[in-house]
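Got your viewer open and ready? Let's take a short walk through this one, selecting a few residues at each stop.

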Amino acid sequence: MNIVFGLVVTVAVTAVTVTAMLVVRRRAPQGSYFTDGDRASGVFGVLATGYSVLLGFIIFLAFTSYDESRSGAEAEATIVLQQVQTAQYLEVSEELTGELTCYARSVAGTEWDAVDSGELGEQINPWGAEMFQTISSIEPAASTEQSAYDRWMDQTAQREQARIDRIHGAEGIIPLPVWFVLFLISAVIFGYLLFFADPDEGPVTQGMLMGSVTVVISLLLLLLLFFDHPHGDGVGRLQPTAMERTLRVIELEAEAVGVVVDPPCDEHGRRS
């Protein structure tokens with residue numbers, strides 16, 4: 001979520017609600033529309049408490065999903081680097097190393113962009129399929145190669161699970177009915193506050209009454225929107241930093257041991 005966008009939305013919504021309060025205040029009876037202010041405040045407390053508990057619980061779940069996506073991206077990058085090391089004990093090490101590099105480039109490039117735009121859907125990473133075909137073509141003979149083969153298959157399963165964790169929130173984790181309920185309750189709270197309009201109170205006091213509640217609700221909903229779409233540009237959004245770091249480490253390790261890495265793709269992971 002862009003911070004400027006969030007501030008603009010918050011200011012705009014607050015301006016609308018405060019203006020509505022001041023307009024209603026002009027024709028409101030003295031002491032507000034409620035004859036028993038204490039009882040009305042108690043009812044408002046029930047509304048606000050129920051809303052805050054519901055919203056807080058949903059934000060907690062959304063943050064958990066956000067953290068899982070972040071952890072999945074870190075785990076996936078780590079496993080890719082481990083598979084590069086494992087591949088060196090297999091007879092198709094050059095092919096697997098190149099395909100792993102392409103996989104990492106694809107994750108940090110085209111696939112990350114697709115996740116950001118919500119276009120990834122059920123697509124698989126093509127280099128994952130390429131590596132499966134490559135590893136299926138060998139029959140490990142020596143004990144070292146057999147051990148590396150078994151390790152490779154385990155790491156592949158771990159990498160695929162990490163990928164699922166990374167992309168599971170790409171299309172939003174909060175269902176539409178939940179959003180509908182949250183906005184409906186927000187509207188109810190806004191309407192209820194209008195009944196506290198009182199011409200005996202100063203306009204600043206009445207504006208503060210409505211504005212403070214509006215700002216808090218707006219910021220919480222924007223925070224929820226941020227957690228619901230963790231990928232993309234903006235402060236706090238998930239970036240392919242871990243996979244980009246893995247690519248740099250692969251290059252450094254290849255230079256250190258004298259391994260030539262010739263990936264069959266461009267820098268964005270597209271087949272060359």
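Start with helix α6, which gives four residues to a nonpolar surface patch, the most of any contributor. Keep in mind as you click around that this is a predicted model. To see the whole patch, select L54, F180, V181, L184 and V188, which together make about 430 Å² of nonpolar surface.

Now zoom in on V188, which sits in helix α6. Is V188 buried or exposed? Neither, quite: its relative accessible area is 42%, so V188 counts as partly exposed.

Next, select E201. You'll find E201 in the loop that runs between α6 (176–194) and α7 (203–228). With 34% relative accessibility, E201 is partly exposed too. What does E201 touch, once you ignore its neighbours within four places in sequence? Show R25 and Q206, and you have its contacts. Then pick P140 and draw a line between the C-alpha atoms: E201 and P140 are 61 residues apart along the chain, and the line spans 84 Å.

Last stop: select C102 and C265 and show their side chains. These two form a disulfide, with 2.2 Å between the sulfur atoms. A disulfide is a covalent bond joining the sulfur atoms of two cysteines. Which parts does this pair tie together? C102 lies in helix α3 (residues 93–117) and C265 in the segment after α8 (241–257), so the link joins parts that are 163 residues apart in sequence. Look along the S-S bond and you'll find an angle of -105°, a left-handed link. Both C102 and C265 are buried, so hide any surface before you look. No need to hunt for others: a search of the whole structure finds one disulfide.

Definitions and conventions. Residues numbered from 1 in each chain as written. Predicted model: local features only at pLDDT ≥ 70, side-chain atom pairs only at ≥ 80, totals over all residues. Heavy atoms only, no water. Disulfide = S-S within 2.5 Å. Helix = DSSP H or I, 4+ residues; strand = E, 2+ residues; numbered from the N terminus. Buried < 20%, exposed > 50% of the residue type's maximum accessible area, 1.4 Å probe, protein only. Contact = heavy atoms within 4.5 Å. Patch = residues over 30% accessible without salt bridge, like charges linked within 9 Å, V, L, I, M, F, W, Y side chains within 5 Å. Areas by Shrake-Rupley, 256 points an atom, 1.4 Å probe, with all protein chains shown as cover. Salt bridge = Lys/Arg side-chain N within 4 Å of Asp/Glu carboxyl O.
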